[in-house]
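Hi,

Here is the structure I said I'd send over. Have a look at it first, and my notes follow below.

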Amino acid sequence: MKTLKAVFEEKVRYMGGVILSPGRLNNHMVILPGGHIGFVYFDFDSLADKQKREVREEIKSLRRLGCAACAISEEDQIDQSLCYVLSRAYKDPDWYMYKQQQEQKGVNVL
């Protein structure tokens, strides 16, 4: 069985993109055709609480800088994360409103 990261890498390569080595908190920079760049954190649910807080803070910091950043823990989140990077939704204020509304409903959106 393939790991989450292996499946993610396969999809990125299929799309013509590349993944760069892990960063400080095991994030990976994803570069997709058209200059779409994002940071993805793998296996978020398996992290300890302190590490989860650090990842959340780093994601917030990256988003404040205008970068796409998200954490995934399941294969069904791979396509969502890649669409997120491609859409540039992270630069759209409506995205944050939508995300907040979904989280209030108990739906985890990137």
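Let me start with Asp 43, which counts as partly exposed because its relative accessibility is 37%, and the cut-offs for that class are 20% and 50%. Keep in mind that this is a predicted model. Asp 43 sits in the loop that runs between strand E3 (36-42) and helix H2 (49-64). Its backbone caught my eye too: Asp 43 has a positive phi of about 55 degrees, although it is not a glycine. For background, most residues other than glycine have a negative phi.

Asp 43 also turns up in a patch. Together with Asp 45, Glu 74, Glu 75 and Asp 76, Asp 43 forms a negative patch on the surface. Residues need over 30% relative accessible area to join a patch, so Asp 43, at 37%, clears that bar.

What makes up the nonpolar patch on the surface? Tyr 14, Met 15 and Leu 86 do, and the patch covers about 330 Å². Leu 86 belongs to helix H3, which spans residues 78-87. With a relative accessible area of 33%, Leu 86 is partly exposed, so Leu 86 is also over the 30% needed for a patch.

Now for a charged residue with less exposure to show. Is Glu 58 buried or exposed? Glu 58 is buried: its relative accessible area is 14%, and buried means under 20%. You'll find Glu 58 in helix H2. Leaving aside residues up to four places away in sequence, Glu 58 touches Arg 24, Leu 25, Asn 27 and Tyr 41.

And the overall picture, in case you want it for your set-up:

- Secondary structure: the protein has four helices and four strands, and along the sequence they follow the pattern α-β-β-β-α-β-α-α.
- Burial: 38% of the 110 residues of the protein count as buried.
- Contacts: taking those between residues at least 6 apart in sequence, 45% join residues at least 24 apart.
- Surface: the accessible surface of the protein is about 6800 Å², and carbon and sulfur atoms account for 52% of that.

If you open just a few views, I'd go for the loop with Asp 43, between E3 and H2, then the nonpolar patch of Tyr 14, Met 15 and Leu 86, and then Glu 58 in helix H2.

Cheers

Key. Residues numbered from 1 in each chain as written. Predicted model: local features only at pLDDT ≥ 70, side-chain atom pairs only at ≥ 80, totals over all residues. Heavy atoms only, no water. Patch = residues over 30% accessible without salt bridge, like charges linked within 9 Å, V, L, I, M, F, W, Y side chains within 5 Å. Areas by Shrake-Rupley, 256 points an atom, 1.4 Å probe, with all protein chains shown as cover. Salt bridge = Lys/Arg side-chain N within 4 Å of Asp/Glu carboxyl O. Lys, Arg positive; Asp, Glu negative; His and termini not counted. Charge placed at Lys NZ, Arg CZ, Asp CG, Glu CD. Helix = DSSP H or I, 4+ residues; strand = E, 2+ residues; numbered from the N terminus. Buried < 20%, exposed > 50% of the residue type's maximum accessible area, 1.4 Å probe, protein only. Contact = heavy atoms within 4.5 Å.
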